[in-house]
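Subject: The structure for you to look at

Hi,

Here is the structure I promised to pass on. Please open it first, and then read on for what turned up.

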Amino acid sequence: PMSKDISEDDLFVFNDKFTSKFYKVKIGTVVAQKDSEPEKQETRQKVEEDRKPQIEAAIVRIMKSRRALDHNNIVSEVTKQLQSRFLPNPAVIKKRIESLIEREFLERDKNDRKLYRYLA
């Protein structure tokens, strides 16, 4: 194409007869088009899905070593452990704790509802 815009029906061919008196030949690059809003949303959703097992693994590691811990300490420990990779959202951590309770990895203390105990 004679412009910077590339369409689906553009055709590129290799010219093996090309010669140049220069040692270096400058080839223009094509900048990737920006993602649309639905694509950005889909990407964010996939990233969140990929992070769920990492958050759960961090919670289980912490609870295995501590046996019992209150909610705020779990959230701060998980955040500290995962901050080198990403900054987890406390609401997502709470959902992952609930998921682990449903799957019987953790349980709430009978007397103190903010205290969690490791089961497995």
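Let me start with one residue. His 71 counts as buried because its relative accessibility is 16%, and the cut-off for buried is under 20%. This histidine is found in helix 2, which covers residues 71–82. Please keep in mind throughout that this is a predicted model.

What does His 71 touch, once residues up to four places away in sequence are not counted? The list is Lys 94, Ile 97, Lys 114 and Tyr 116. With Tyr 116 there is also a polar contact between the two side chains, at 3.3 Å. Tyr 116 falls within strand 3, which runs over 115–118, and Lys 94 and Ile 97 fall within helix 3, residues 90–102. You can therefore follow His 71 from helix 2 to residues of helix 3 and strand 3 by its contacts.

The second spot I would show you is Asp 109. You will find this residue in the loop between strand 2 (106–108) and strand 3 (115–118). Is Asp 109 buried or exposed? It is buried, since its relative accessibility is 11% and the limit is 20%. Two polar partners are worth a click:

- The side chain of Asp 109 makes a polar contact of 2.8 Å with the side chain of Arg 117.
- A polar atom of the Asp 109 side chain also lies 3.2 Å from the backbone nitrogen of Asn 111.

Setting aside neighbours within four places in sequence, the contacts of Asp 109 are Leu 115 and Arg 117. Arg 117 thus appears both as a contact and as a polar partner of Asp 109.

Now the overall picture. The protein has three helices and three strands, and from the N terminus their order is α-β-α-α-β-β. How does the radius of gyration compare with the globule rule? At 26 Å it is well over the 14 Å that the rule gives for 120 residues, so the protein is more spread out than a compact globule. The C-alpha trace spans about 80 × 30 × 20 Å along its principal axes.

A few totals may help if you plan to set this up on your side. Buried residues make up 23% of the 120. The exposed surface comes to about 10,200 Å², with 52% of it supplied by carbon and sulfur atoms. Among contacts between residues at least 6 apart in sequence, 47% join residues at least 24 apart. As for charge, there are 26 positive and 21 negative side chains, and the centres of the two sets lie 7 Å apart.

Some distances along the chain also caught my eye. Ile 27 sits in the segment before helix 1, a helix that covers 37–66. This isoleucine is exposed because its relative accessible area is 70%, against a cut-off of over 50%. Its C-alpha is 67 Å from that of Asp 112, with the two positions 85 residues apart in sequence. Lys 4 belongs to the segment before helix 1 as well, and counts as exposed at 79% relative accessibility. How far from Thr 29 is Lys 4, C-alpha to C-alpha? The separation is 9.0 Å, for residues 25 apart along the chain.

Glu 42 gives another pair to look at. This glutamate lies in helix 1 and is partly exposed, at 43% relative accessibility. Its C-alpha is separated by 37 Å from that of Ala 68, and the two residues are 26 apart along the chain.

Finally, two backbone angles. Arg 67 has a phi near 70 degrees, which is a positive value in a residue other than glycine. It lies in the loop between helix 1 and strand 1 (68–70), where its relative accessible area of 48% makes it partly exposed. Glu 104 also has a positive phi, near 60 degrees, and again the residue is not a glycine. Its place is the loop between helix 3 and strand 2, and at 61% relative accessibility it counts as exposed.

Happy browsing, and write back with any questions.

Best wishes

How values were computed
Residues numbered from 1 in each chain as written. Heavy atoms only, no water. Helix = DSSP H or I, 4+ residues; strand = E, 2+ residues; numbered from the N terminus. Rg over C-alpha atoms; globule rule 2.2 N^0.38 Å. Buried < 20%, exposed > 50% of the residue type's maximum accessible area, 1.4 Å probe, protein only. Contact = heavy atoms within 4.5 Å. Areas by Shrake-Rupley, 256 points an atom, 1.4 Å probe, with all protein chains shown as cover. Lys, Arg positive; Asp, Glu negative; His and termini not counted. Charge placed at Lys NZ, Arg CZ, Asp CG, Glu CD. Polar contact = N/O pair within 3.5 Å; in protein donor to acceptor, adjacent residues only side chain to side chain.
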